[in-house]
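Good morning, everyone, and thank you for making room for me today. Please bring the sequence and the model up on your screens, and we will walk through a few parts of them together.

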Amino acid sequence: MTTTTGTPGNTGTPGAAGTYAPRPGAAPLGRMIAAQAVLETKMLLRNGEQLLLTVIIPTLLLVLFSSVDIIDTGAGEAVDFLAPGILALAVMSTAFTGQAIATGFERRYGVLKRLAASPLPRWALMTAKTASVLVTEVLQIVLLTVIAFALGWSPHGNPAAVLLLLVLGTAAFSGLGLLMAGTLKAEATLAAANLVFLLLLVGGGVIVPLDRFPDAAQDVLGLLPISALSDGLRDVLQHGAAMPWGDLGILAGWAVAGLAAAGKFFRWE
């Protein structure tokens, strides 16, 4: 009688090397990035503090200041001035404040160190985080746009310019958020990110027009990324500008500087 021997999982062919299913080894890179991005998005949407920053505060500000005449927003409907600024605030809340706080505490608890030792490359982890931010921003923008339309918003302008502003704004705030999370302690990141959020909410042209500030302050505040994003979106969506090159240039400068600094100084532990 002839018998066939082999290792566990062998195909049964005499003399053939063992074939295992599933084969040991890392999953394809694209699948790993997608899985990590889904996980990051779920964690963000389940976090009560993150939802407060990304959804509840922008929504309340849009509804309150559009419905109650508290701040002089100039000629026209208040929502036409406020909606672009609130969209900019939503981008900042997710790409900067939320990402800085979440990443800072992941770094403190050693999550980033463990992930860095996994088959997922470090750059792929940052890519997954960026994808999570973009997905969250899409959800924010859809929600805020629906609410703004219900309040009587009538936007117009170049959709390509709006998209470019949002992408550059996301890159700028992501770089700054990762820089903060990768260099400061988690508690310091929590305090600093929330403080910056509040300061830029007031002084970044989101709900208070920059022309309400002294001339010297306007020159400085106009160079901030939140001011460039809110003013650029307002120029397009409220005034119908084709392409706000000045604001795009400011955002591009912040994006390059922030991402470069984060790449150089970010500490994984």
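Let me begin with the record: which residues does UniProt list for "domain: ABC transmembrane type-2"? The unreviewed entry gives residues 45–269 under that name, and I should say at once that what you are looking at is a predicted model. In this model the span 45–269 is 76% helix and 0% strand, and the C-alpha atoms at its two ends lie 25 Å apart.

The same kind of annotation can be followed at a finer level, since the unreviewed UniProt entry also lists "transmembrane region" for residues 51–71, 83–105, 131–154, 160–181, 188–210 and 248–266. Take two of these as examples. Residues 51–71 are 81% helix and 0% strand, with end C-alpha atoms 26 Å apart, while residues 83–105 are 100% helix and 0% strand, with end C-alpha atoms 32 Å apart.

Now please turn to helix α9, which covers residues 225–237, and helix α10, which covers residues 245–265. Their axes come within 9 Å and cross at roughly 150°, and the crossing is left-handed. On the α9 side the contact is made by P225, A228, L229, D231, G232 and D235, and on the α10 side by D247, I250, L251 and W254. If we sort these contact residues by character, six are nonpolar, one is polar and three are charged.

My last topic is the aromatic rings, of which the structure holds three pairs. A pair of aromatic rings is described by the distance of the centres and the angle of the planes, and I will use both for two of the pairs.

One of them is F105 with Y109, a tilted pair with 6.2 Å from centre to centre and 35° between the planes. Are these two residues buried or exposed? F105 counts as partly exposed because its relative accessibility is 22%, whereas Y109 is exposed, because its relative accessible area is 55%.

Another is F149 with W153, which is also tilted, with 5.6 Å from centre to centre and 40° between the planes. Here F149 has a relative accessibility of 47% and therefore counts as partly exposed, but W153, with a relative accessible area of 8%, is buried, because the cut-off for that word is under 20%.

Methods. Residues numbered from 1 in each chain as written. Predicted model: local features only at pLDDT ≥ 70, side-chain atom pairs only at ≥ 80, totals over all residues. Heavy atoms only, no water. UniProt positions renumbered as here; feature names shortened; annotations may be inferred. Helix = DSSP H or I, 4+ residues; strand = E, 2+ residues; numbered from the N terminus. Axes fitted to C-alpha atoms, helices over the stretch in contact; angles between N-to-C directions. Left-handed = near helix turned anticlockwise from the far one by under 90°. Contact = heavy atoms within 4.5 Å. Nonpolar A, V, L, I, M, F, W, Y, C, P; charged D, E, K, R; others polar. Phe/Tyr/Trp six-rings, centres within 6.5 Å; stacked < 30°, edge-to-face > 60°. Buried < 20%, exposed > 50% of the residue type's maximum accessible area, 1.4 Å probe, protein only.
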